[in-house]
Amino acid sequence: MLGGIKGPSMTEYTVTFVGTGEEITVSEKETILSRCIEEGIAQEYSCRVGMCLACSAEIIEGSVTQPAARGLTDRERENYALTCMARPQSDLKLDRGKYPPSIEGEAGPEDGDPTPADD
């Protein structure tokens, strides 16, 4: 479902945060985080340059563009949004505070066998 049109060339989309039910309207030209701040919605963030992953959210439904989200792998960009960089490309459902496996510890050591620390 497409969002409404605002002005001659700016499309707006509805972003819904699952769990809280909060909803905001975000244009394709602005980041989700900037709109959250303007609307007074609590959204974690730190660096605002796509590196720290504090503003990460799992994409439940919809799509974003986030070419500057350097903290995510190409594969993670399909399922996670860094709200400081992400601009909606459709209506969205996001689950805030969900982090990609690379920082959740779900991605095991590269050799597959953890080595105990020398204490």
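Begin by selecting Arg96 and Glu22 in this predicted model, where the two side chains meet in a salt bridge with an N to O distance of 2.4 Å. The pair links distant parts of the chain, since Arg96 belongs to strand E8 (residues 92-96) whereas Glu22 sits in the loop between strand E2 (10-17) and strand E3 (23-27), 74 residues away. Colouring the two partners by relative accessible area separates them: Arg96, at 18%, is buried, while Glu22, at 26%, is partly exposed.

From Glu22, keep the loop in view and add the strands on either side of it, E2 and E3. These strands pair in the antiparallel sense over 5 bridges, and together they form a hairpin with 5 residues between them. Within the turn, select Gly19, whose phi is positive at about 95 degrees. Then move into the paired strands and pick Val15, which stands opposite Ile24 in E3.

Ile24 leads on to the next stop, because it is one of the residues in contact with Arg35 once the neighbours of Arg35 within four places in sequence are left aside; the others are Thr25, Val26 and Glu30, and Arg35 itself is buried, with a relative accessible area of 16%. Select Arg35 in helix H1, which spans residues 32-39, and display its side chain together with the backbone of Thr25. The backbone oxygen of Thr25 lies 3.3 Å from a polar atom of the Arg35 side chain.

With Arg35 still selected, which carboxylate side chains meet it in salt bridges? One is Glu30, whose side chain meets that of Arg35 with an N to O distance of 3.0 Å. Another is Glu38, for which the closest N and O atoms of the pair are 3.3 Å apart. Glu38 and Arg35 are 3 residues apart in helix H1, and are therefore separated by about one helical turn. Side chains of opposite charge can pair when their charged atoms come close.

Now compare the surroundings of these partners. Glu30 counts as buried, at 13% relative accessibility, and Arg35 is likewise buried, at 16%. Glu38, by contrast, counts as exposed at 54% relative accessibility, because exposed residues are those over 50%. To complete this view, add Glu39 to the selection: salt bridges that share partners join Glu30, Arg35, Glu38 and Glu39 into one network.

Finally, clear the selections and look at the whole chain. A search of the entire structure finds 4 salt bridges, among them the Arg96 and Glu22 pair with which the tour began. In cartoon view, the chain shows 3 helices and 8 strands, and following the sequence from one end to the other gives the pattern β-β-β-α-β-β-α-β-β-β-α.

Switching to a surface representation, what is the accessible surface of the chain, and which share of it belongs to carbon and sulfur atoms? The accessible surface comes to about 7200 Å², and 46% of that belongs to carbon and sulfur. Of the 119 residues in the chain, 39% are buried. If contacts are drawn instead, and those between residues at least 6 apart in sequence are considered, 50% of them join residues at least 24 apart.

How values were computed:
Residues are numbered from 1 along each chain as its sequence is written. This is a predicted model: local features need pLDDT of at least 70, side-chain atom pairs count only at pLDDT 80 or more; totals for chains, interfaces and linings use all residues. Side-chain values use heavy atoms; hydrogens and water are left out. Helices (H or I, at least four residues) and strands (E, at least two) are DSSP runs, numbered from the N terminus. Buried means under 20% relative accessible area, exposed over 50%, partly exposed in between (1.4 Å probe, protein chains only). A polar contact is a pair of N or O atoms within 3.5 Å; within protein, one must be able to donate a hydrogen and the other to accept it, and residues adjacent in sequence count only if both atoms are side-chain atoms. Contact means heavy atoms within 4.5 Å. Two strands pair if DSSP finds at least two bridges between them. Accessible areas come from the Shrake-Rupley method with a 1.4 Å probe; for residues, only the protein chains shown count as cover.
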